[in-house]
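Thanks for coming, everyone. I'd like to walk you through a structure that's new to most of us, so pull it up and follow along.

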Amino acid sequence: MARANGNVFPSCSEGVASVNLLQRVICAAGSLPLVGNTMATEIRYVMHFSEDSNICAFEPRCFLCWADIVSADFDMIKCITNWVRVAEYKSLYVLRIGLPHEATNLYDSDVFGDIQRNGRGGCGEYALDIHVPQTHFARLDLTPDSTGTFFI
């Protein structure tokens, strides 16, 4: 994970397409307001792959559908999301999470209810425990490459 000015950017899987997607995440999320502790000096990012490109807000849910890793590779995304129809994803949503004072881990944030480690995906998975309005998240369009093996 890369660190700059309190931001700990998400890990990404290997490959040019994944590095490019990570750069898109960083650019899109850079100006977002913080979710959680708005005065935080430690900031983390979580992502959500979705078939819905028209989400207007995120509501509290018990589903572990936010991850602290990003990939453009279909096989890796299957591991992260446990969803086999990866090509159906249309969007990647991104949140900037402000951690509580003196916290260094996402599991310290009250933004999330349930948290678990995803060994297959090599990431943490998080269930959102708060309402997040559209002004507080970024949406990136996803387009499969011509081979159907990664997003561009």
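Let me start with a question: which side chain does Glu-42 meet in a salt bridge? It's Arg-44, with 2.9 Å from N to O. Before I go on, please keep in mind that this is a predicted model. Back to our pair: Glu-42 is buried, and Arg-44 is buried as well.

How many salt bridges are there? The count comes to four. As a reminder, side chains of opposite charge can pair when their charged atoms come close. One of the others sits in helix H2, where Asp-75 and Lys-78 are three residues apart, about one turn of the helix. Their closest N and O atoms are 3.9 Å apart, and a salt bridge here can reach up to 4 Å, so that one still makes the cut. Asp-75 is exposed, at 52% relative accessibility, and Lys-78 is partly exposed at 29%. Then there's Asp-141 with Arg-139, whose closest N and O atoms are 2.2 Å apart. Asp-141 comes out as partly exposed with 44% relative accessibility, and Arg-139 is partly exposed too, with 39%.

Now for a charged residue without a partner of that kind. Find Asp-68, in the loop between strand E7 (66–67) and strand E8 (69–70). Asp-68 is buried, yet it has no salt bridge. Why not? The nearest side chain of opposite charge, Arg-117, is 4.4 Å away, and a salt bridge has to be within 4 Å, so this pair doesn't count. What does the side chain of Asp-68 have, then? There's a 3.0 Å polar contact with the side chain of Tyr-126. On top of that, a polar atom of the Asp-68 side chain lies 2.8 Å from the backbone nitrogen of Gly-124. If you set aside neighbours within four places in sequence, Asp-68 is also in contact with other residues, including Pro-10, Ser-11, Tyr-45 and Leu-106.

Okay, on to the nonpolar parts. In soluble globular proteins, nonpolar side chains tend to be buried together. Here, the largest nonpolar core has 24 residues, and the ones with the most contacts inside it are Leu-92, Val-94 and Phe-151. Which elements feed into this core? Helix H1 (16–29), strand E5 (43–50), helix H2 (74–81), strand E9 (91–98) and strand E13 (138–141) each supply at least two of its residues. And apart from that core lies another one, of 17 residues, with Trp-66, Leu-99, Ala-103 and Leu-128 among them.

If you click on Leu-92, you'll find that it touches residues from quite different stretches of numbering, among them Leu-21, Val-25, Met-47, Phe-49, Val-70 and Leu-140, and that's without counting anything up to four places away in sequence.

That brings us to the rings. How many aromatic pairs does the structure hold? Seven. One of them is Phe-49 with Tyr-89, a tilted pair, 5.4 Å centre to centre with 35° between the planes. Phe-49 is in strand E5 and Tyr-89 is in the loop between H2 and E9, so this pair ties together parts that are 40 residues apart in sequence. Phe-49 is buried at 7% relative accessibility, and Tyr-89 is buried with a relative accessible area of 7%.

Another pair is Phe-58 with Phe-137: the centres are 4.9 Å apart and the planes are at 70°, so that's edge-to-face. Phe-58 is in strand E6 (residues 57–58) and Phe-137 is in the loop between strand E12 (132–133) and E13, so to speak a link between distant parts of the chain, 79 residues apart. Phe-58 counts as buried at 9%, and Phe-137 does at 8%. Together with Trp-66 and Tyr-93, these two form one aromatic cluster.

Last stop, the backbone. Most residues other than glycine have a negative phi. Where do we find positive values? One is at Asn-82, with phi near 60°, in the loop between H2 and E9. Asn-82 is partly exposed, at 46%. Another is Glu-102, with a phi of about 70°, in the loop between E9 and strand E10 (112–118). Glu-102 is exposed, with a relative accessible area of 71%.

That's my tour, thanks for listening.

Notes
Residues are numbered from 1 along each chain as its sequence is written. This is a predicted model: local features need pLDDT of at least 70, side-chain atom pairs count only at pLDDT 80 or more; totals for chains, interfaces and linings use all residues. Side-chain values use heavy atoms; hydrogens and water are left out. A nonpolar core is a set of buried Ala, Val, Leu, Ile, Met, Phe, Trp, Tyr and Cys residues joined through side-chain atoms within 4.5 Å. Buried means under 20% relative accessible area, exposed over 50%, partly exposed in between (1.4 Å probe, protein chains only). Helices (H or I, at least four residues) and strands (E, at least two) are DSSP runs, numbered from the N terminus. Contact means heavy atoms within 4.5 Å. Lys and Arg count as positive and Asp and Glu as negative; His and the chain ends are not counted. A polar contact is a pair of N or O atoms within 3.5 Å; within protein, one must be able to donate a hydrogen and the other to accept it, and residues adjacent in sequence count only if both atoms are side-chain atoms. Rings of Phe, Tyr and Trp (its six-membered ring) pair if their centres lie within 6.5 Å; planes under 30 degrees apart count as stacked, over 60 as edge-to-face and the rest as tilted.
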